[in-house]
Amino acid sequence: MKKSVITLGLILTITSVLVSCSHQTPGNPDRYLASEKCPTKGEYHSYFDEVEKCIDKSNDR
Amino acid sequence: MKKLLVALFLVPCLLPLKAYSFDTSVRGFIALDALNFEKISGDKAASVIGIGVLDLKIFAEQDDMAAAIKLDLDGKLEKENNIFEEAYATYKGVPNMRFLLGKGVVRFQNLHWGAIENSYQDGGSVIGSDNNYRKVSRKAFLAVSYGGRSLGFINQFTIWGDSTELYTNQDGKLQYTSTEPNNAKTITAYRTEEVTAFNTSKQVGLGNKLEYFANDAWKFTFGQLYNKNRIQGKKPNYAFDIGANYESSAMEVWVDALYGFSSKLPYESYTTLAKTEYFLQVGMEYYLNEKWSLVENAEALYVKDQQHTYTRFVEDGITYVPTSQQTEKSGATYKIFTYKLESAVKYKLTKSAQITVGGLYEKKQTSRNGVKNLAFVRDVRNANRDAYKLAAAISFWF
C-alpha cells in the first residue's frame, strides 16, 4: 500500500511538471527577458520591490 | 494493485484538463562580509568574516493572481516559522489596485542600506542601537495598494497583527515565566504563543505608506504606523516617517526621518514604559563612471526611554519580587544619542555584483536620570562608547 502511494505520488508529480511545461506559451519567455531588462540596482531594501514591479509590468503587456 | 493501475491510466488523461501553465521566478540577494575589522572602545578589536545578508524570494504568478515567498536565511531560524520573512498572495484583477494577504513587511518607512552597513532601522549597528522602530516584518497582514508610477503616486494601506501574542488564561490574565530563587518568585517574562493569524479582539495594527513621484528624479514618501494591543495597561504605539529619494545618472540621494512612540508591559522583552525616538538618515551615492562610485551615509538616533517601576506585589496568593536588575533600572529615565558616519567606494564587478570597501565611525552617549558618562547603564549596550569598522563586502543579486 505504502509503495503504491509513493509510486502514485511520483507519477503525479512528474505528470504535473510535464503538463505544465508543455503548456508554456510562446509569450512567456518575454516575461523573463523583461525582468532582465529592468534595471535593478544592488540596494538591499529596494531590490525585491523592483523585481516585483518589473514582473507586474511584464504581466500588464 | 488493480486500483493503482486504474489511477495510473486516469491521471495522465485527466490532469491536462486541470493543469495550467504558471510562471515562477527565484531571486536572491547575498552580501558577504569578505573581511570586516571592528573595534569598540574598551574591547579588543576583531575581524569578522561571514554572511552579511542572504535572502531568497520566490515569485509565482498566474493570470491575476500572484504569490511571493521570501526566505530570510541569515535570520534567527530557531524561532517557529521565522525563516519566512514574507509569504503572501496578491490579486491584481482591478486596474491600478493590488490586494495583498499573508505574512510580510508592513510598509511605512523609506528604508535604505547605508554605505557599508544596514540602516539603524534594520538593525545595522556595531555599538548596538536602542530604537524600537525597526523594519516591521513577519507580520500577518491584509493590504490594499492603489496607484502606479504613471499616476504619480502609490498608496498602500495595511491592517496587520503580530505573529507573537501574549498568552492569557481563561480569565484573561497574563501568564508569567518565573523563577523561584528563594521563597518569593521573580518574573523574567510573559508566556507568549506563536499565531499564524491575528485576532482583532486582542490586537490591531494599521500602516500606511504614500509614495509620491514628483518627477522622474524625485520621490517622496509619507508613512504612518499604529498598533494597539487590547491587553489591559497597554498604550497604543505609533510612528510617523517622511522620506525622499533623488535619482539621476550622476547620483542617488536618500533621506529618511522618523518619529515614534512605543510602550510595553513591564516583563516584555525590550520593555519600556514610554519610549520616544527620533531618527534621521541622509546618504548619497555619486557615480564616478560605470564601474566606480562613492557612497556617503550619516545616521542619528535620539531615544528617551522611561523605565517601568518594579516593586514587590501579590497576585493570586503568590508573592513576586523584582530581580536585582529590575530594581536597578526601576523608574529610571535614559536619554541615548547614537550616531554613525560611513564612507565607502563601490566597484561594479558585473551587472549584478559589486564589491564595497569602506569605513564607519559610531558613537553612543547615554545619561541615566541626568547623570552622564556612566560606564555601565542597565539594559543599554555600550552605553558611553564609540566604535569603528573597516569593511570589504561582496554583494551579488540574481
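In which strand of chain B is B:Glu85 found? The legends below all refer to a predicted model.

**View 1. B:Glu85 and its surroundings.** The answer to the opening question is strand S4 (residues 84–91). B:Glu85 has a relative accessible area of 3%, so it falls on the buried side of the 20% cut-off. Its side chain makes a polar contact with the side chain of B:Lys135, at 3.0 Å. Skipping residues up to four places away in sequence, B:Glu85 also touches plenty of charged company, including B:Asp55, B:Lys70, B:Asp72, B:Lys103 and B:Arg138. B:Gly104, B:Val105 and B:Ser137 are on that contact list too.

**View 2. The largest nonpolar core.** This core has 34 residues, and B:Phe29, B:Phe108 and B:Leu225 have the most contacts inside it. Both chains chip in: helix H3 (44–60) of chain A supplies at least two residues, as does each of strands S1 (23–40), S2 (46–62), S6 (139–148), S17 (292–306) and S20 (333–350) of chain B. The largest share, five residues, comes from H3 of chain A. Apart from this core lies another one, of eleven residues, with B:Ala115, B:Val295, B:Leu360 and B:Ala391 among them.

**View 3. Zooming in on B:Leu225.** Leave out neighbours within four places in sequence, and B:Leu225 is still in contact with the aromatic residues B:Phe108, B:Tyr133, B:Trp160 and B:Tyr238, among others. B:Val106, B:Val136, B:Leu206 and B:Ala239 are also in contact with B:Leu225, and so are B:Gly207 and B:Asn237.

**View 4. An aromatic pair between distant parts of chain B.** Searching the whole structure turns up 25 aromatic pairs over all chains. One of them joins B:Tyr176 and B:Tyr267 edge-to-face, with 6.1 Å centre to centre and 80 degrees between the planes. The two residues are 91 apart in the chain: B:Tyr176 sits in strand S9 (residues 176–179), while B:Tyr267 is in the loop between strand S15 (251–262) and strand S16 (274–287). Loop or not, B:Tyr267 counts as buried because its relative accessibility is 12%.

**View 5. A ring cluster with members from both chains.** Chain A brings A:Tyr44, A:Tyr47 and A:Phe48 to this cluster, and chain B brings B:Phe29, B:Trp113 and B:Trp397, with ring pairs as the links. B:Phe29 also turns up in View 2, as one of the residues with the most contacts inside the largest core.

**View 6. Charges over rings.** B:Arg191 lies over the face of B:Tyr167, 4.4 Å from the ring centre. In another case, B:Lys340 puts its charged end over the ring of B:Tyr120, at 4.7 Å from the centre.

Technical notes: Residues numbered from 1 in each chain as written. Chains lettered and ligands numbered in written order. Predicted model: local features only at pLDDT ≥ 70, side-chain atom pairs only at ≥ 80, totals over all residues. Heavy atoms only, no water. Core = buried A, V, L, I, M, F, W, Y, C linked by side-chain atoms within 4.5 Å. Buried < 20%, exposed > 50% of the residue type's maximum accessible area, 1.4 Å probe, protein only. Helix = DSSP H or I, 4+ residues; strand = E, 2+ residues; numbered from the N terminus. Contact = heavy atoms within 4.5 Å. Phe/Tyr/Trp six-rings, centres within 6.5 Å; stacked < 30°, edge-to-face > 60°. Lys NZ or Arg CZ within 6 Å of the ring centre and 35° of its normal. Polar contact = N/O pair within 3.5 Å; in protein donor to acceptor, adjacent residues only side chain to side chain.
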